[in-house]
Amino acid sequence: MKGEKGYKRRRQWERQEYSTHVTFHLDNGNSLSGKTYDVGLGGVFLSTDKNLEKLAIGEDGALLLTSERFDLTFPCTIVRINNDGVGLQFKEKQSDFGMFIAQEMALSLIVKTNNAFANMQNLETTLETSVSQIKTNMQVEAASLFLLDDDKKNIVCRACAGPVDIIGLNMPLEEGIVGQTISQGKSQIVQNVKEHSGFADEVDKSSGFETESILCSPLVIQGETIGAMQILNKRGAGHFTNHDLLVLDALSSISALAIHNARETEKRIDAESSNRAKGEFLANMSHEIRTPLNAVIGLTHLCLQTDLSTKQQDYLTKVSLSATSLLELINDILDFSKIESGKLSIENIPFSLKDVFNKLENIMSVKSQEKGLNFHIDSIGNIPESLEGDPNRLLQILVNLVGNAIKFTETGKVHVRAEMLEEISDSVGMKFTIEDTGIGMTQDQIGKLFQKFTQGDSSITRKFGGTGLGLAISKNLVVMMGGEISAHSTPDVGSSFMFSVNFKKIESVSKDSSSKQSPDNSLSNKINLAGATLLLAEDNEINQQVATELLEQAQIQVILANNGEEAVDLAAKTKFDGILMDMQMPVMGGLEATIKIRQIKGLEEIPIIAMTANAMAGDREKCLASGMNDHVAKPVVPDNLYSTLNKWLYGKIDQSKASLTGAVDIKGKAKISDGNVVSEKSHNKTVLIVDDVPKNISVLKDILNNTYRVQIATNGNLALRIASSSPPPDIIVMDTMMPILDGYETAIQLKQDDSTKDIPIIFIHDDASTPSPRPDWSISNGDDHMARPVNAESLLNKLKSCLE
């Protein structure tokens, strides 16, 4: 305790009662203005510097008090005159005047105290302000503020104002007047402290302070008492009144609210600081993991396209699968961080549910086939062909749920079903059901689903792996899309996951918009990008190699910049079709470089795409805000890179610069663009494969690569463009069922064009879907046909026969 020893109470203050500006109107027509002092119920002294010579004792008039809300008049008689002013005695309304004075004083104190807390955030400052304001405004010798400690068994003095410093004084709850006030939650007036036990006696003995009267009021917030405010010895009078008690209660309520707000503000600041530190750590770790993982995935992808032994192919395929699994985990963490920060967004763009299901089948069919499962997707009812919503997030939900179904199912089937719930003018409610014949779950396990970082039980995690984030993310996405998600399951029988989402209904996806979007297939996108020249701003040498080789596979010429400053200089001097920009680079980062490039005349619209390991919540928004057009996260998935480039470059490239036999890198070394055209074969004939299913293309390539040069088209429109190019293909092997333009329609258009009518066409069809194929292909002027599964010898014989 830091008391001031030997303190002796000396009350030599002037009376500082309520003072306000008033006007005294005399009955004779004169008036006198001034301020009131020595206010009492019997009268008031009016202080003024006006000339008082003409005034006389006994003159009558009315005292006018002007408030912000109203005016009051009080009949008075002059009873005293001196050099400072006049004394007025009320003739009537004495009680009204006293009530008015009390209310105005209380209101003034409350306003002053409230204003003092207006911008208060720090708790300690708030506590100090509380006692300081109350001591000054209530004109007392000392004020102190006590709060309950964390265990609510003791009370501690946290702030005080006056001659004795008792900050840190700790007492058991219920001890003394303060303890009683907190325990009972009631205000107390003690007019004679010496008759009451409590800590005041100890304080007085140690400091020389003399406590005469105490007023103590609880600090209550939201019905809970958190402490008490205590004031000692009213100046001048020495004793407190019930009016003082009401005023202190009002001021204590304001202080309690200010303390609560300060505590909540500090909690929020601490939480924000913690979240910021956590976010910065997560962002840094994400970047550091993504950068080497980009090299692992990229180089593995490139290596798998070279000549390998069976064992090497097996090893690298497993490396690729493991790296992809790690990428999926990182992306789940990324989505979760976006959900936590409220930055996960939902798009509203036109799409076809059929396209979403096609992508889902391409993604999940391999996994289901590996386990020998029957994987099937179907739709019930007349579902609109064109919808508006977020197809990518819908696909993400389906991939999560179907992936889980396949993971937990050893034999049997995984079935996806879509059906309409309701259709209202411009919107449609959709329900998706994913059923499996897997291990199933108990009701207790179902209750733990959709919670972050949880699985049905720990044994599931040990046996099957997983973080438990997928379902939590899916639930958030479903809710953001206006729907609900649930699950039903029977152990050892299977599970059903159901979710509903809402989409807008539109007439159709416009042909113009669809023509600008290339099919979501890396082979098609590669062909569309042929001939482009890109500036690659990247400082990491391995990532430079990965990106350069991926781009050159699409016959893109690449010019390197090692940092943002070099990128700005090259962009100003050289014409590029687009720019790929890393965010974190030495000398100058990608964001600053983009801003500077946008300021160069003629480069306001050049596509600039972030290709960066900065993929946390907000990074995409930062890129777009700096002037970039899009964002590709590392590790770079080749399909995503090609489709994103195609989105911004399609139709803008001078493809006459592209070579059908390969691209030339920046050092002038010849490259073979595997996947587009395979050259240097023993035969000089070119076969154009037209198919939209990657696994079908892969089978045909394996059969033809050793004998023919191969070109790829993933839909009929692309086939028409390649067939009419120079030199044209020598023969076309075409699937009958394709999106955009099927094989029969494509063949009809080819035969109607003089430049392509002589190119032989061999149709490939499925017996199950085309029970009588020959009339169809012959009507379309096809030269031959064969059914899947394709027999290699039969296909080569048909090609040889058609080419002779």
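A salt bridge here is a side-chain nitrogen of Lys or Arg within 4 Å of a carboxyl oxygen of Asp or Glu. Keep that in mind, and keep in mind that this is a predicted model.

Take one pair to begin with. Asp 754 forms a salt bridge with Lys 757. Their closest N and O atoms are 3.7 Å apart, and the cut-off is 4 Å, so the pair counts. How accessible are the two partners? Asp 754 has 60% relative accessibility, so Asp 754 is exposed. Lys 757 comes in at 38%, so Lys 757 is partly exposed.

By this rule the model has 15 salt bridges. Let me take you to Asp 630, which has two partners on my list.

Partner one is Arg 620. The side chains of Arg 620 and Asp 630 meet in a salt bridge, at 3.0 Å from N to O. This pair links distant parts of the chain. Arg 620 is in helix H17, residues 619–626. Asp 630 is in strand S24, residues 630–633. The two are 10 residues apart.

Partner two is Lys 647. The salt bridge between the side chains of Asp 630 and Lys 647 is 3.4 Å, N to O. Lys 647 sits in helix H18, residues 638–649, and Asp 630 in strand S24, so this pair ties together parts that are 17 residues apart in sequence.

Now look at burial. Is Asp 630 buried or exposed? Asp 630 is buried, at a relative accessible area of 6%. Arg 620 is partly exposed, at 31%. Lys 647 is exposed, at 53%.

One more charged group. Arg 417, Glu 419 and Glu 435 are linked in a network of salt bridges.

Next, the nonpolar surface. Phe 281, Met 285, Ile 289, Leu 326 and Leu 329 form a nonpolar patch there. Together they have about 410 Å² of accessible area. Which helices supply the patch? Helix H5, 242–303, and helix H6, 310–341, each give at least two residues. H5 gives the most, with 3 residues. Met 285 is found in H5. Its relative accessibility is 33%, so Met 285 counts as partly exposed.

On to a glycine. Gly 389 is in strand S15, residues 387–389. Its relative accessibility is 3%, so Gly 389 counts as buried. What does Gly 389 contact, leaving aside neighbours within four places in sequence? The contacts are Glu 347, Asn 348, Ile 349, Phe 351 and Phe 503. Val 501 is 112 residues from Gly 389 in sequence, yet the C-alpha atoms are 9.6 Å apart in space.

Two helices to finish. Helix H14 covers residues 541–553, 13 in number. From first C-alpha to last, H14 reaches 18 Å, close to the 18 Å expected at 1.5 Å a residue. At the start of H14, a side-chain oxygen of Asn 540 reaches to within 3.0 Å of the backbone nitrogen of Ile 542. Buried residues of H14 include Val 546, Ala 547, Leu 550 and Leu 551. Here is a general point: an α-helix has 3.6 residues a turn, so residues three or four places apart point the same way. The buried set of H14 also includes polar residues such as Asn 543, Gln 544 and Thr 548. After H14 comes Gln 555, with a positive phi near 60°.

Helix H3 covers residues 176–184. Its buried residues are Gly 176, Ile 177, Val 178, Gly 179, Thr 181 and Ile 182. Just after H3, Gly 185 takes a positive phi of about 70°.

How values were computed: Residues numbered from 1 in each chain as written. Predicted model: local features only at pLDDT ≥ 70, side-chain atom pairs only at ≥ 80, totals over all residues. Heavy atoms only, no water. Helix = DSSP H or I, 4+ residues; strand = E, 2+ residues; numbered from the N terminus. Expected span 1.5 Å × (residues − 1). Buried < 20%, exposed > 50% of the residue type's maximum accessible area, 1.4 Å probe, protein only. Polar contact = N/O pair within 3.5 Å; in protein donor to acceptor, adjacent residues only side chain to side chain. Patch = residues over 30% accessible without salt bridge, like charges linked within 9 Å, V, L, I, M, F, W, Y side chains within 5 Å. Areas by Shrake-Rupley, 256 points an atom, 1.4 Å probe, with all protein chains shown as cover. Contact = heavy atoms within 4.5 Å.
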